[in-house]
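Please find below some notes on the model you sent. They go from the overall fold to single residues.

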Amino acid sequence: MPYRAVITLAIFALSVPRASAQVSGTFAATSGQVLRLVDVNGDGDFLDFAEVVSYANPPATLGSLAASSTELFAIAPSTATVYTLHDLNNDGDALDFAEVLQYAQLPTGAHSPIATGLALAADGTLYTLDSANNLLYRIHDANADGDALVF
């Protein structure tokens, strides 16, 4: 009896233009990793050998992705943590040391935050909705230190 492998992908797949060597391609978040989809043979799909490759293994299950030509952001809904994924050594993935870093953490409100969605504005500002507390958060690196953490 033939068996088929089933990979469940989040609906949040996005394409990033090849404007930078750091981030280009189409990405999808699964329960345990971020995948980079590469149409190797140009047939318009990602169904052939080596067209779905592991891009990053973040420390939490991810939901939404947002990207510019230079940065890829991912959010973990259960922990309300935003991660930034950078291919620092240009090897095509963010699997190496310091390539997945915490970028922001939603504050605890009346209830533990549940991050729903992630959007990147043209000015580089991230937005996410905390569905547990009915709040919209604007996430921005105000002091230009590479993250939006308050420490």
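1. On terms: strands here are DSSP runs of E with at least two residues, and helices are runs of H or I with at least four, both numbered from the N terminus. By that definition H111 sits in the loop between strand 8 (100-105) and strand 9 (115-120). Please keep in mind throughout that this is a predicted model.

2. Overall make-up. The protein has 0 helices and 11 strands. Read from the N terminus, the order of elements is β-β-β-β-β-β-β-β-β-β-β. Of its 151 residues, 37% count as buried. Among contacts with a separation of 6 or more, 39% are between residues 24 or more positions apart. The exposed area is about 8700 Å², and carbon and sulfur atoms supply 58% of that area.

3. H111. With a relative accessible area of 48%, H111 is partly exposed, because that class covers values between 20% and 50%. Which residues does H111 contact, once neighbours within four places in sequence are left aside? They are A132 and N133. The C-alpha atoms of H111 and S131 are 9.8 Å apart, with the two positions 20 residues apart in sequence numbering.

4. S54. This residue belongs to strand 4 (residues 52-56). S54 is partly exposed, at 27% relative accessibility. Beyond four places in sequence, S54 is in contact with Q33, V34, L35, D93 and L95. For Q33 there is also a polar contact, side chain to side chain, at 2.9 Å. A further pairing to check on the model is S54 with G92: 38 residues apart in sequence, 9.4 Å apart from C-alpha to C-alpha.

5. A60. Following the chain past strand 4, A60 is found in the loop that leads to strand 5 (65-67). Is A60 buried or exposed? A60 is buried, since its relative accessible area is 15% and the cut-off for burial is under 20%. Residues that A60 touches, not counting those up to four places away, are A76, T79 and Y83. The C-alpha atoms of A60 and P77 are separated by 9.0 Å, and the two residues are 17 apart along the chain.

6. D147. This residue lies in the segment after strand 11. D147 is buried yet has no salt bridge. How far away is the nearest side chain of opposite charge? That side chain is R138, at 14 Å, whereas a salt bridge requires the charged atoms to be within 4 Å. What the side chain of D147 does reach is the backbone nitrogen of L149, at 3.1 Å. Apart from neighbours within four places in sequence, D147 is in contact with Q102, Y103 and D141. I would ask that the text on D147 mention both the missing salt bridge and the approach to the backbone of L149.

7. Surface patch. Y127, L129 and L136 form a nonpolar patch on the surface. Together these three residues have about 270 Å² of accessible area. L136 is placed in strand 11 (residues 135-139). L136 counts as exposed because its relative accessible area is 62%, and the class begins over 50%.

Terms used: Residues are numbered from 1 along each chain as its sequence is written. This is a predicted model: local features need pLDDT of at least 70, side-chain atom pairs count only at pLDDT 80 or more; totals for chains, interfaces and linings use all residues. Side-chain values use heavy atoms; hydrogens and water are left out. Patches are made of residues with over 30% relative accessible area and no salt bridge: like charges are joined within 9 Å, nonpolar side chains (Val, Leu, Ile, Met, Phe, Trp, Tyr) within 5 Å. Accessible areas come from the Shrake-Rupley method with a 1.4 Å probe; for residues, only the protein chains shown count as cover. Buried means under 20% relative accessible area, exposed over 50%, partly exposed in between (1.4 Å probe, protein chains only). Lys and Arg count as positive and Asp and Glu as negative; His and the chain ends are not counted. A polar contact is a pair of N or O atoms within 3.5 Å; within protein, one must be able to donate a hydrogen and the other to accept it, and residues adjacent in sequence count only if both atoms are side-chain atoms. Contact means heavy atoms within 4.5 Å.
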